[in-house]
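Q: Got a minute to walk through this one with me? I'd like to go over the strands first, then the core and the cysteines.

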Amino acid sequence: MPLSTQSQPGDEHYVLVATLDNVRNLSNILKAITFKDHAIFNATQNGLKVTVEDSKCLQANAFIQADIFQEFVIKEDSVGFQINLTVLLDCLTIFGGSTVPGVTTALRMCYSGYGFPLTLFLEEGGVVTVCKINTQEPEEPIDFDFCSTNVTNKVILQSDSLREAFSELDMTSEVLQITMSPSQPFFRLSTFGNSGNAHYDYPKDSDMMELFQCTKTQTNRYKMSLLKPSTKALALSCKVSVRTDSRGFLSLQYLVRNDDGQICFVEYFCSPDEEVDEE
């Protein structure tokens, strides 16, 4: 029986216990938001939300629902801490993240509360490794105030088509310009790089377009350096929702299936490039 499915003596001391038979169901989704060292963890009865931020301009959130875990026990309304995400991922992949069929690493993750480390028990092939990672008091995540009532434009695409677009656009461009419109060009991605200007258009009736809801024409630019981290999530995802609100803020929400076919979500918020009006 894998370590992760066994109840352990002393569990009553923990405010959070989460177990997985396959650690990749956590490590892969965390890799999709790893672009800074530190992450804010917030656990509720619904599951785990992990937040990473950069320069108050970019925020990434990974949502791992409680039912993804074989066991998810939380004894408070919410449990939060900040942790070094790079160190955590090193620990989660300590057995090398084996992709051999039938060989998985089991995880038991325990947290005793404020001031205590996050304790990981990892087991593969009968070998158990225990890691303890120091935690810090969580900072308050930035509130991008991105609410569905202010969304002006939204499209849902097959991720393959967006991956194709990113492979063809000029990544030497400092910005990515996104045009969303109820009329042509409908949904356009533009770059302005060393090899000139490039545009990638999606017809609204394209096979790759699952949903097209645009109420007004909007053109916004976003710093490519801020968007590049989101390509990690794009690589893992099967669908992506692209939304902009009335202020031009961008939401990229990625639907990711784990090794067991369960669905998790990764969302990136990005502020528009303030210099766009000056050009």
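**Strands, core and cysteines**

A: Sure, and keep in mind that this is a predicted model. One detail to start with: K154 has R243 in strand 17 as its bridge partner.

Q: How many bridges join strand 11 to strand 17?
A: Seven, and the two strands, residues 151-158 and 237-245, run antiparallel.

Q: What's the strand order in the open sheet of 10 strands?
A: The order is 10-6-2-3-4-19-18-17-11-15, with antiparallel pairing. Strand 10 (135-136) and strand 15 (209-214) are the edge strands, each pairing on one side only.

Q: And which strands does helix 3 lie across?
A: Helix 3, residues 159-168, lies across strand 11 and strand 17, at about 95° to strand 11. Helix 1 (residues 24-31) lies across strands 2, 3, 4, 18 and 19, running at about 165° to strand 4.

Q: Switching topic: how many residues are in the largest nonpolar core?
A: It has 74, and L30, L88, L120 and L189 are among those with the most contacts inside it. Helix 2 (residues 85-92) gives the largest share of this core, five residues.

Q: What does L189 touch, leaving aside its neighbours within four places in sequence?
A: Its contacts include L162, A165, I178, H199 and Y202.

Q: Now cysteines. How many disulfides?
A: Zero. For C57, the nearest cysteine sulfur is that of C270, 7.4 Å away.

Q: Why no bond for C264?
A: Because the closest cysteine sulfur, in C238, is 11 Å from its own, which is too far.

Q: Is C264 buried or exposed?
A: Buried, with a relative accessible area of 1%, whereas C57 counts as partly exposed at 27%.

Technical notes: Residues numbered from 1 in each chain as written. Predicted model: local features only at pLDDT ≥ 70, side-chain atom pairs only at ≥ 80, totals over all residues. Heavy atoms only, no water. Pairing = 2+ DSSP bridges. Helix = DSSP H or I, 4+ residues; strand = E, 2+ residues; numbered from the N terminus. Contact = heavy atoms within 4.5 Å. Axes fitted to C-alpha atoms, helices over the stretch in contact; angles between N-to-C directions. Core = buried A, V, L, I, M, F, W, Y, C linked by side-chain atoms within 4.5 Å. Buried < 20%, exposed > 50% of the residue type's maximum accessible area, 1.4 Å probe, protein only. Disulfide = S-S within 2.5 Å.
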